[in-house]
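Trainee: Before we look at the chain itself, could we go through the terms used for it one by one, so that each label is set against the value behind it?

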Amino acid sequence: MFTGLVEKIGTVSSLEPLDTSSSGGGGTSLTITDCEEILTDCHLGDSIAVNGTCLTVTAFDKTWFKVGVAPETLRRTNLGSLQTNSRVNLERAVLGETRMGGHLVQGHVDTIAKILSVTPEGNALVFRMQPRDIGVMRYIVEKGYVTLDGASLTVTNVVDGQEGYFEVMLIAYTQEKIVTAAKKPGDYVNVEIDIVGKYVEKSVQGYFAGTAGGDMKMLEKMAGLWVYFGTSIGHGQPAERHERLPVMARSILIEALIYLSPSRPWPPTPNANGKGHKESRSPSQASSQ
């Protein structure tokens with residue numbers, strides 16, 4: 001587990017596609033130098049994130065370390081494109097007393113993203129990126145966080161769709177601390193999205209598969225309820241809205257009981273004045289559903 005706060009920028013000294021040494025294990029290995037600061041407490045088998053990819057130390061000395069790179073890692077990440085003298089972001093695994101200055105990062109890269117543009121804004125840089133696997137866009141939200149080449153960054157803009165993209169902004173300090181700042185349009189970065197979003201999605205899907213026979217329209221109704229009643233609560237002055245919250249909260253529960261039934265239509269049909277429903281039920285009637 002990592003924090004997404006890069007500790008050191010290292011230098012690739014070799015990337016061997018077939019390392020037959022005892023530390024290479026007959027597979028691809030990556031050796032990184034100029035990183036003595038993070039090797040003072042290193043042990044064989046330790047985890048170090050290289051451009052956001054959690055890798056296992058198979059050999060090390062005072063100024064360098066070697067890691068093995070699995071075929072799955074080469075498929076998912078940008079590590080296979082590294083060359084001698086390439087610079088990489090490095091972070092050791094967290095300790096129990098580590099301050100969580102970034103966010104919980106697994107070091108399990110989901111996909112890579114292509115840099116579409118780099119735009120200066122004051123002393124900051126705005127990076128616009130498009131994931132190779134566009135499906136991960138559903139987990140990326142504005143003001144949420146995303147891990148790019150191992151660095152925890154705040155998402156500043158999201159545009160969904162088949163040609164979707166997202167943006168992050170690098171402040172001047174961050175530009176000096178991570179390799180991503182030197183990348184150009186057309187380059188690629190490793191992307192890890194928030195794992196919590198994945199767990200929530202799978203849990204919700206599993207719940208509705210069990211309670212609604214796999215009918216995801218139930219979930220659509222729930223989302224519709226929040227939008228519908230959020231709009232209703234929004235009418236009136238701030239003080240009036242505040243006073244209406246307890247009443248509206250009870251109404252949400254009543255309407256949920258009525259309209260979350262798979263046999264009920266959604267959205268509710270407004271009555272003549274546009275504020276209610278053609279179908280009217282008392283709380284006791286709703287509770288009996």
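Trainee: What makes the largest nonpolar core a core, and which residues have the most contacts inside it?

Mentor: In this predicted model, a nonpolar core is a set of buried nonpolar residues joined through side-chain atoms within 4.5 Å. The largest such set has 24 residues, and those with the most contacts inside it are M129, I140, L148, F166 and V168. At least two residues each come from β7 (111-121), β8 (124-131), β9 (145-148), β10 (151-159), β11 (165-170) and β12 (188-192), and β10 gives the most, with 4 residues.

Trainee: What is V168 in contact with, leaving aside its neighbours within four places in sequence?

Mentor: V168 is in contact with L125, V126, F127, M129, V146, L148, L153, T154, V155 and T156. A second core, separate from the largest one, has 18 residues, including L30, L55, V57 and V69. As a general background, nonpolar side chains tend to be buried together in soluble globular proteins.

Trainee: Why is K183 called buried?

Mentor: The label depends on a cut-off, since buried means under 20% relative accessible area. K183 has 16% relative accessibility, and therefore it counts as buried. Its place is in the loop between α2 (172-177) and β12, and, not counting residues up to four places away in sequence, K183 touches N78, I115, V118, F127, D149, Y188 and V189.

Trainee: What makes the pair of K183 and D149 a polar contact?

Mentor: The cut-off for a pair of N or O atoms is 3.5 Å, and the side chains of K183 and D149 make their polar contact at 2.8 Å.

Trainee: How do you know that K8 and E37 form a salt bridge?

Mentor: The rule asks for a side-chain nitrogen of Lys or Arg within 4 Å of a carboxyl oxygen of Asp or Glu. In K8 and E37 the closest N and O atoms are 3.2 Å apart, and the pair is accordingly listed as a salt bridge. The two residues belong to distant parts of the chain, 29 residues apart, with K8 in strand β1 (residues 8-19) and E37 in the loop between β2 (27-33) and β3 (47-50). By this rule the count comes to 10 salt bridges.

Trainee: Why are K8 and E37 called partly exposed?

Mentor: Partly exposed covers the range between the buried limit of 20% and the exposed limit of 50%. K8 has a relative accessible area of 22%, so it is partly exposed, and E37 is partly exposed because its value is 44%.

Trainee: What makes R92 and D41 a salt bridge, and where in the chain do they lie?

Mentor: Their side chains meet at 3.1 Å, N to O, against the limit of 4 Å. R92 is in strand β6 (residues 87-92) and D41 is in the loop between β2 and β3, 51 residues apart. R92 counts as partly exposed at 25% relative accessibility, and D41 is partly exposed at 38%. E7, D41 and R92 are linked in a network of salt bridges.

Trainee: Is D110, which forms a salt bridge with K198, buried or exposed?

Mentor: D110 is buried, because its relative accessible area is 10%, whereas K198 is partly exposed at 29%. The closest N and O atoms of this salt bridge are 2.4 Å apart. D110 is in the loop between β6 and β7, and K198 is in helix α3 (residues 195-211), 88 residues away along the chain.

Trainee: How do you know that β7 and β8 are paired, and what lies between them?

Mentor: Pairing requires at least two bridges, and 8 bridges join β7 to β8, which run antiparallel. The two strands form a hairpin with 2 residues between them, and G122 in the turn has a positive phi of about 65°. E121 stands opposite A124 in β8. A further 5 bridges join β8 to β11, again antiparallel, and there F127 has V168 in β11 as its bridge partner.

Trainee: Which strands make up the closed barrel?

Mentor: The closed barrel has 6 strands and runs β1-β2-β5-β4-β3-β6, with antiparallel pairing. Within it, neighbouring strands are turned by 45° against each other on average, direction ignored.

How values were computed
Residues are numbered from 1 along each chain as its sequence is written. This is a predicted model: local features need pLDDT of at least 70, side-chain atom pairs count only at pLDDT 80 or more; totals for chains, interfaces and linings use all residues. Side-chain values use heavy atoms; hydrogens and water are left out. Buried means under 20% relative accessible area, exposed over 50%, partly exposed in between (1.4 Å probe, protein chains only). Contact means heavy atoms within 4.5 Å. A polar contact is a pair of N or O atoms within 3.5 Å; within protein, one must be able to donate a hydrogen and the other to accept it, and residues adjacent in sequence count only if both atoms are side-chain atoms. Axes are lines fitted to C-alpha atoms, for helices over the stretch in contact, and angles run from 0 to 180 degrees between N-to-C directions.
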